[in-house]
Structures are given as structure tokens and as C-alpha cells.
Amino acid sequence: MSTEQVEQQIQVSPDRKNGQRRFFRLNEIITEQTAANRSLIAILQAVQEEYRYLPEEVLTYIATALDLSPATVFGVATFFAQFSLEPKGRYLVTVCDGTACHVKRSMAVYDAICRKYDLREGKLTTPDMLFTLETVACVGCCALAPVMIVNGEVHARITREAAVTIVDTLANRKEEE
Amino acid sequence: MIKSSLGLDQLRNRYADAISCELEEKPHIYVGAATCGRASGALKLLDYINTELDKRGLAANVAQVGCIGLCYAEPLVDIAKPKHPRICYSHVTAEMIPLLIEEYLVKDNPRADLAMGTVGEGKIDGIPDLFDLAVLKPQAKIALRNCGHINAESLPEYIARGGYQGLAKVLTTMTPEEVIDTIESAGLRGRGGAGFPTGRKWRLASGQPEEIKYIVCNADEGDPGAFMNRSLLEGDPHRVLEGMLIAAYAIGARQGYIYLRAEYPLAVRRSQRAIDDAKCEGLVGESILGSNFSCQIDIIEGAGAFVCGEETAMIAAMEGRRGMPRRRPPFPATSGLWEKPTIINNVETLAHVPGIISNGIDWFRSFGTPTNPGKYHWGLPYASSSSTSGEG
């Protein structure tokens, strides 16, 4: 199926700013990945890298482009922990909750950040989209537990106070910008 | 591009000479920069070291190495001065950098009070041999022999330490059948947990008549407290590639995949770098080392699902489906990825293969027990002062 045909089938919401450009990049990703013989998961990873989450209309678009049922694509997107169907904040704050971190009380760190920023299950992104709080099952730094990763930077032997201070820095960074 | 095993030998000598020449010429500083080192601030230390060297106009070779298995003592910085043994300093802080550079590099005082141990030949008064430490002494490192010693992103350093010699031996002097016999007689068993005899697994796939077969390296390590695969892929990725290539030759595969979890971004980056470098030298790709054996290797990144460490679930994920296990048989060795015969081996299992080929069955059987020879690599996360990542 050509990209034009796909675009005709999917309604690109006209009121969305840059809507056309979004789909242009999406087409590029699909073309690149299918040319390299990559699987649906690799496509979803590349798309999430671009948009920071998997918008629903994008998933439908991918399904049509790959000639799969939307249920197949949604099924994969909801199976793996890495994929998010909700928009994520600008920064990612990930508390490791693998067994080693868990026994070193990683959830106390997690809860401290939740309390400070009024986050809870189902609402883990700050209203200003500054950051999203997540847990991950083991990053393999067990000797340094508990561990927190902020945008790819690993912080070792984190305490509740240190965690909140680091997250506060993100808020300050935003104010400076 | 290396065109023959003779070419590899020449290159090995050339690289080894070049490296020892460099060691004679200027100091080398090695920073433990696996994920454990980085989490303890290794990258900031690298900056401090480079700034300090620039400020003083000192020439030194600064390299990032993998994990030596002392995560609790990170960050670790090793300094090797010409004609001196390499000294390992632990718990290094920003303040220690100018001190060490001033006192040791400039004034020749090794600061025995700050040192953890010496590495390799030679002794310094007041500093123990690192491998005499209680935590390291009982360990014998075979799969991990390069981890923490070589620059993980340097193919020349791997070749200089005898890397790809096992592959060269297999391609020039052994039939696939002989490779399988060797692995079977060595008694290598899968390091993923189930302990299935590796040679027997390979034989199952090699007996399949299909043209297309696959070798898969299972790097979806997710068990609590386990980070053996991470330290291997971050510290010595070429060893794993070499093991995969030998396995591919044995079973008749022309394509290999490393299924690597996305939670290990540094392992992904270093493995990719290793594949790219090996391709440039003709160690991965068409007509490897001038033989008629060809094999491509690619990385497939996992998307976060613990169950995908199970081989049928992993295959589903590699095909782009939900990572759900299926019933066996058929076993992947007869019908796996895209219904082709597929051998899935753990990272550590594959890392043992080059050593067995190069050093022989008796050497491998001199470690471990008669029914389970060789060494196991452990991650011991809870100990704070005794040991962390153990032997392998």
C-alpha cells in the first residue's frame, strides 16, 4: 500500500498543529525500518523515540501501513513495558525496583517523589509535562542499590532526600530556560 | 580487512607490539566505566582527568574499561606508568584526581595509602597484588579474563590478547562436526540457568536439513540481582561475538542476532560498536577471514518484558509479536525464529566458547566439577565489603 493510500485511509486531524509533518516523519520511520527488515517492535521503538509516546492515531496508521489489524499493533504496544500510550513528560525519572533495589527501600524513594509532586498511580506525569515517574525492573546496578535514572544518568545509593533534590533540579532547570 | 588467519596472527603481533610500545612511552589511565562505574560518577572523573592532564600539559592515554567485579569499590581508576605495575585506586573522588596526578604521575609517589592493589606483574612496596585480595584470590577468570583490563571499545586490544584466535582455528582446521564434538567433550553447559549441554543443543540444529538457520545470543538478562551478561557485554563484547561466530559455523547459520534488553543501553552501544568494528575487519560478514564462511550479526533490542528471556517468548518478540511463550515441541533447534532451526545460547555460554576452542578440552575441564566443568560468573549484589560480581 502506498503512503498516499494510507494517508487517505487515516484521517489526519486537521486541527493538530504540525499534523502533516508528524505523519511525514512517521512514514520515513516505517519505510526505513521495513527496508531494513525490522519487526513491528523495532518500528514502535523508533516511533516512540520520535514522539516520546505512541499516540493512538499513530498506532492505527502503523497498522494500516503494515497491513496488520489495529488489534495486533495495540496488542504488542500494550504488552511491553517500554511502550507508553500516554504522553510522557520532558524528562524521565526512573526508580529501579528490581529485587536488590526493592529490599534497599526503593519504593520509599518513589513515594517521596510522589508526595512532593502530587503524583499517584494513573497520574505519574506532572501537569506541566516536566517529568514522568516510572519504575523499572533492574538495571543491573544491584551493588549500588537503590538506583534512580534521570534521563539516562544513573544515580547510585539514592536516598529519599537526594532523590527529591535531583528532581527539584529538573524543575529549576525548566525555570531557567 | 583481515583476509586469512595468517593475517590475523600478523595483526595480533602488530597490535601487541604497538600496545606495549605505547605503555613504554606514556602513562595509561583506565577508568572503570561500565554501568556500575558510571553510576558512581566515572564519567565525571574522566572529565576531571582530561582537564587536569590538559592543565599540566601531560600526555597520557585515558581509556574506559569494563567492570572488574568490584562494583562496591567503584569508581575505580587504574594508573599504569611506563616501567611500573598498574595500580588500581578505589572509591576515587574528584579531589583525588589532581592529587594522584600530581603525586604519582609527576612526583612518582604511588600513594600506597590510597591504592587498592597492583594489577599484573611487578610489585610496589605497601601495595598488595589486587588478585591477592580476599575477594579476588579464590576467583579464576576465564570468560571474564579481559573485563576491566581492556578498552571495551577497542578491537585491536581484544586481538592483541589473543582475540578471534578461536574463530581462526575453527575456520582453518576444524569441521563443524569437530567443533560440536569439542564443545560436547568439554562438557560446556548453558549458563542461562537450565544447564542444557551446549554441544548437544548445537548438534540438534546442525542435523536439520534446512538451508537457513539462526544463532541467537540471549542477552535478556532480567533475574533479580543478576548482571553477569551486562558486565560481559559492557566489558568484552568481542568475546561474545567470537563465540556466536563459532556457534554459527558449527550449526551452519549465516545470520546471528543478539537479543539485548533495552534496560542496558550501554551494553547495546558497546555491542553495536563491536559488530561495526568486526565488520570493518572482515570478522563479521562475507567470507570471514578469507574462508567460505559468512555470517551477519545484528542486535534486536527488547522492549521490556521479563518473560522474553524464555526462548519461545523471545522468538515471538523477535518476530514482532507479543512476547508470549508457546508449548514445545517443536523446540527452537528444529523450528524457531521464522520457523527455521534456531540455537539460542546465553551470553556467558557463548563467552566460554572461544576459550575452549583455543585452550582445549582439558584446560576447560580443569575448572569446575566433572559433570559441570568450567567457571560460573556470579552477581552478588548485597555484599558491601566482601564481593560483588564474582568469578567467571
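The legends below describe close-up views of a predicted model containing chains A and B.

**View 1. Chain A as a whole, with its helices and strands.** Chain A holds 8 helices and 4 strands, and these follow one another along the sequence in the pattern α-α-α-α-α-β-α-α-β-β-β-α. Of the 177 residues in chain A, 49% are buried. When contacts within chain A are restricted to residues at least 6 apart in sequence, 61% of them join residues at least 24 apart.

**View 2. Helix α3 of chain A, residues 40-51, and the residue that follows it.** The 12 residues of α3(A) reach 16 Å from the first C-alpha to the last, which is close to the 16 Å expected at 1.5 Å a residue. This helix is mostly covered, with 10 of its 12 residues buried; among them are the nonpolar residues A:Leu40, A:Ile41, A:Ala42, A:Ile43 and A:Leu44, and the buried set also includes A:Gln45, A:Gln48 and A:Tyr51. After α3(A) comes A:Arg52, whose phi is positive, near 70°.

**View 3. The interface between chain A and chain B.** Here 29 residues of chain A are in contact with 35 residues of chain B, and the two chains bury about 2300 Å² between them, 60% of it on carbon and sulfur atoms. On the chain A side, the residues that lose the most area to chain B are A:Phe79, A:Phe80 and A:Ala143, which together account for 22% of what that side buries.

**View 4. The packing of helices α7 and α13 in chain B.** Helix α7(B), residues 176-186, packs against helix α13(B), residues 347-359, at an angle of about 100°, and their axes are 10 Å apart. Angles of 65 to 115 degrees count as roughly perpendicular, and the two helices are therefore described as roughly perpendicular to each other. From α7(B) the contact is made by B:Val179, B:Thr182, B:Ile183 and B:Ala186, and from α13(B) by B:Val353, B:Ile356 and B:Ile357. Sorted by class, this contact has 6 nonpolar residues, 1 polar residue and no charged residues.

**View 5. The surroundings of B:Cys217 in strand β6 of chain B.** B:Cys217 lies in the strand that spans residues 214-219, and B:Cys217 counts as buried because its relative accessibility is 0%, where the cut-off for buried is under 20%. Leaving aside residues up to four places away in sequence, B:Cys217 touches B:Val240, B:Met244, B:Tyr257, B:Ile258, B:Tyr259, B:Asn345, B:Val347 and B:Leu350. B:Ala168, by comparison, is 49 residues from B:Cys217 in sequence and 20 Å from it in space, C-alpha to C-alpha.

Note on methods:
Residues numbered from 1 in each chain as written. Chains lettered and ligands numbered in written order. Predicted model: local features only at pLDDT ≥ 70, side-chain atom pairs only at ≥ 80, totals over all residues. Heavy atoms only, no water. Axes fitted to C-alpha atoms, helices over the stretch in contact; angles between N-to-C directions. Parallel < 35°, antiparallel > 145°, perpendicular 65-115°, else oblique. Contact = heavy atoms within 4.5 Å. Expected span 1.5 Å × (residues − 1). Buried < 20%, exposed > 50% of the residue type's maximum accessible area, 1.4 Å probe, protein only. Buried area = accessible area lost by both parts, 1.4 Å probe.
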